[in-house]
Each structure stands twice: as structure tokens, then as C-alpha cells.
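Here is a short briefing on one pocket and two backbone details. Keep the structure open while reading.

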Amino acid sequence: MSEFNQYPPTLKWPNANKADERSISEVTFLDNGSKQTTLVPDGHPVRLFFPYGDARPNENKFGMSYRYAADLDGKRHTIFANGKLHEALQRGGVGPTITLEVTRNLVPMTNDDGTPWLDQRGKQRVMTEFEVSRVATEDGGSIDEFVEAMGGDVVGGAY
């Protein structure tokens with residue numbers, strides 16, 4: 001691949017089955033030659049700017065994913081969102097020139113009786129949940145604060 005045909009790095013959250021990815025505690029950039037990845041630890045919010053805001057659906061052997069372009073710290077990244085992340089981004093109001101703060105949290109799973117759901121190795125199973133909130137200003141003010149500061153009225157919340 002030539003320098004003119006470089007793909008942006010992929011932004012993703014750690015795979016719970018890969019010990020080297022699970023152990024990260026801050027945003028980490030990995031360069032494996034032609035495949036560059038930025039890993040975001042669970043529970044760590046990242047502020048993403050979406051220049052286009054649209055997703056390109058892609059069917060693969062794992063099911064449907066949605067490809068987004070997003071900037072993290074001024075650097076373009078590609079996000080291959082699963083259904084949960086795509087739905088959370090849509091609820092959060094993703095669109096052209098929108099900045100969203102995204103956090104992935106691991107939530108312990110339990111059986112119907114409230115006991116921990118364990119896998120074959122005795123490790124508790126977890127599921128992921130995404131929190132997405134819209135950011136209007138670089139200093140972190142909410143969209144409601146931004147609208148009010150510009151002299152507008154906020155009716156019904158941010159979005």
C-alpha cells in the first residue's frame with residue numbers, strides 16, 4: 001500500500017478474550033505495520049467528531065456492522081460499529097459535524113435467580129453497554145447550554 005492509499009486507523013474497544021487488549025488502562029495506539037488500531041479501555045469516555053455522520057452497512061461472517069468515519073484528537077479513524085454501538089450512536093444524535101462522547105461499559109451478567117452467570121472456566125460473563133452523549137462545545141458544555149448561550153430556547157431537551 002502506498003503512502004497515498006493509507007487507510008485511517010481503526011478505533012475499537014478491547015476484545016474481552018484477548019489478555020493483551022483487556023489489560024489496557026488508557027487510549028493506546030497500536031501499529032502493526034499496515035494495520036493500525038487505537039484501543040479505548042472500557043469505562044473511558046472518548047470524544048469523537050463525526051465529519052459525515054452516516055454509516056455504511058457491511059454484512060460479514062459475524063453479522064451486520066456499520067462503518068463510520070470519526071476524528072479522535074484530530075486524527076481520522078474508522079469505526080466498525082456492531083448493532084449495539086450503531087444504535088447508541090443513532091440515539092445520541094450522530095450526524096454531520098457532530099461531536100459525541102462515547103463510553104463502553106462492561107456489565108456483569110446474572111442468572112434469573114440473581115447469581116453470577118459463569119462460563120465454563122468459572123469466569124463471570126459480561127455484556128457491553130454504550131453511553132453516548134452529545135457535546136456542543138470543545139470545553140465540554142452540553143448542547144442545551146450552547147443553545148441557551150446563543151439566545152435560543154431549549155424545549156424538550158437536547159435531542
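The points below cover a pocket and two loop residues.

This is a predicted model. The second largest pocket holds about 240 Å³ of space. Asp73 and Thr97 each have a positive phi without being glycine.

**Pocket lining**
- The residues lining the second largest pocket are Tyr7, Pro8, Thr10, Tyr52, Gly53, Asp54, Arg56, Arg67, Tyr68, Ala69, Thr78 and Phe80.
- Two elements give two or more residues to this lining: strand S6 (63–72) and strand S7 (75–81).
- S6 gives the most, with 3 residues.
- By class, the lining of the second largest pocket has 6 nonpolar residues, 3 polar and 3 charged.

**Backbone: general point**
- Most residues other than glycine have a negative phi.

**Backbone: Asp73**
- Phi of Asp73 is positive, at about 55°.
- Asp73 sits in the loop between S6 and S7.
- Is Asp73 buried or exposed? Asp73 is exposed, because its relative accessible area is 76% and the cut-off for exposed is over 50%.

**Backbone: Thr97**
- Thr97 has a positive phi near 60° and is not a glycine.
- Where does Thr97 lie? Thr97 is in the loop between helix H2 (83–92) and strand S8 (98–108).
- The relative accessible area of Thr97 is 55%, so Thr97 counts as exposed, given the cut-off of over 50%.

Definitions and conventions: Residues are numbered from 1 along each chain as its sequence is written. This is a predicted model: local features need pLDDT of at least 70, side-chain atom pairs count only at pLDDT 80 or more; totals for chains, interfaces and linings use all residues. Side-chain values use heavy atoms; hydrogens and water are left out. On a 1 Å grid over the protein atoms alone, a cavity is a set of points where a 1.4 Å probe fits but cannot get out, and a pocket is an open set with protein on both sides within 12 Å along at least five of seven lines; lining residues have an atom within 4 Å of a point. Grid points are joined across faces, edges and corners, and a volume is the space filled by probe spheres set on the points. Helices (H or I, at least four residues) and strands (E, at least two) are DSSP runs, numbered from the N terminus. Ala, Val, Leu, Ile, Met, Phe, Trp, Tyr, Cys and Pro count as nonpolar, Asp, Glu, Lys and Arg as charged, and the others, Gly among them, as polar. Buried means under 20% relative accessible area, exposed over 50%, partly exposed in between (1.4 Å probe, protein chains only).
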